[in-house]
Amino acid sequence: MKNHLRVLSGTAHNGLSQAIADSLGVPLGSATVETFPDGETFVQINENIRGRDVFLVQPTCPPANQNLMELLIMVDAVRRASAERITAVLPFFGYARQDRKDRPRVPITAKLVANLLVAAGVNRVLTMDLHAGQIQGFFDIPVDHLYAAPVLIKAIRERGIEDLVVVSPDVGGIKMCHSYAKTLGVPLAIVAKNRISAEEVEALSVIGDVKGKNVLMVDDLTESAGTLTAAAKLLSESGAKNIYAGVSHAVLSDKGRERLDKSPILEVFTTNSVPQAHGSKVTALSVAPLLSEAIKRIHDDESVTSLFNVG
């Protein structure tokens, strides 16, 4: 395996890439990624990858356009260096929220990004907790879609939180939250919200019993933390005791961290899928072992089905 597998990293999250390589027991591949004064990206692969099974690790997190373009250029460089297979490892898939036409004359950018990756030369995609699962169908190549739930639920169980209720901070996340509630064996509640703007959210009501209970809000993504903090305020007013959050991708801005610090949320469990996942209340759990195991199985032509199990 070690002789033919190569892990290369873009500049988006080199720490995670190195952790994945360490978990696999292989050296992180050498590549030069530079930016010219005019903003153009230059890439050179500094080792022979002819006939190799190459895994490019690059979450398309902020700056999304820069990181996406860098990934496309790296894919082209690897393809022209005669790699046997190219797998794009996207712990976080940017543009996933633009997956449909929800208003007149708007693009379906998630589909555009899928097309760009395939056109550049990607043979396979490995990703985690897409905002919408149907995005897998936007690709005409194999997609392995992992879940952060096993990592997050393990940490939550280790906390030993009693009288827990899983809460969906919006109606759209009910399916995901139901999975968490079922696995943890606890009740489910929902917060109904009204989105005022891209960064402003109004929590309207709580559906379910949270009075005197510890609460775990579950969501796939947070940036400005508007949904989480608005829901947490309403839950606190509704009698909830300790309030936690479990988020797959904490693409936090400075404003988001400030909101979390001022909110009733005690702790945010998240993954290190993006480098923005940090803050005084944020506990970032490594997904490097999960991703490295998936990479190993893909390379060895083994099933990755068991990795989907929450447990």
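**Getting to know helix H5 and its chain**

Just after helix H5, glycine 185 has a positive phi of about 70 degrees. This is a predicted model, so let's explore it with a few questions.

Student: Which residues of helix H5 are buried?

Tutor: Happy to start there! Buried means under 20% relative accessible area. Within H5, which covers residues 174–184, the buried ones are Cys177, Tyr180, Ala181 and Leu184.

Student: Why do the buried residues of H5 line one face of the helix?

Tutor: Picture yourself looking down the axis of H5. Lys175 and Lys182 are exposed on the other side. The buried residues line one face because they fall within an arc of 95 degrees.

Student: How many helices and strands does the protein chain have?

Tutor: Helix H5 is one part of the chain's secondary structure. The full tally is eight helices and 14 strands.

Student: What is the radius of gyration of the protein chain?

Tutor: Good one! The C-alpha atoms fill a box of roughly 60 × 40 × 35 Å along the principal axes. With 311 residues, a compact globule would come out near 19 Å, and the chain agrees with that. Its radius of gyration is 20 Å.

Student: Among contacts between residues at least 6 apart in sequence, what share joins residues at least 24 apart?

Tutor: A contact here means heavy atoms within 4.5 Å. Of the contacts between residues at least 6 apart, the share joining residues at least 24 apart is 63%.

Student: What percentage of the 311 residues count as buried?

Tutor: The chain exposes about 13,900 Å², with carbon and sulfur atoms supplying 49% of that area. As for the residues that count as buried, the figure is 53%.

Methods: Residues are numbered from 1 along each chain as its sequence is written. This is a predicted model: local features need pLDDT of at least 70, side-chain atom pairs count only at pLDDT 80 or more; totals for chains, interfaces and linings use all residues. Side-chain values use heavy atoms; hydrogens and water are left out. Helices (H or I, at least four residues) and strands (E, at least two) are DSSP runs, numbered from the N terminus. The radius of gyration is taken over C-alpha atoms; the globule rule is 2.2 Å times the number of residues to the power 0.38. Buried means under 20% relative accessible area, exposed over 50%, partly exposed in between (1.4 Å probe, protein chains only). Accessible areas come from the Shrake-Rupley method with a 1.4 Å probe; for residues, only the protein chains shown count as cover. The arc is that of the directions from the helix axis to the C-beta atoms.
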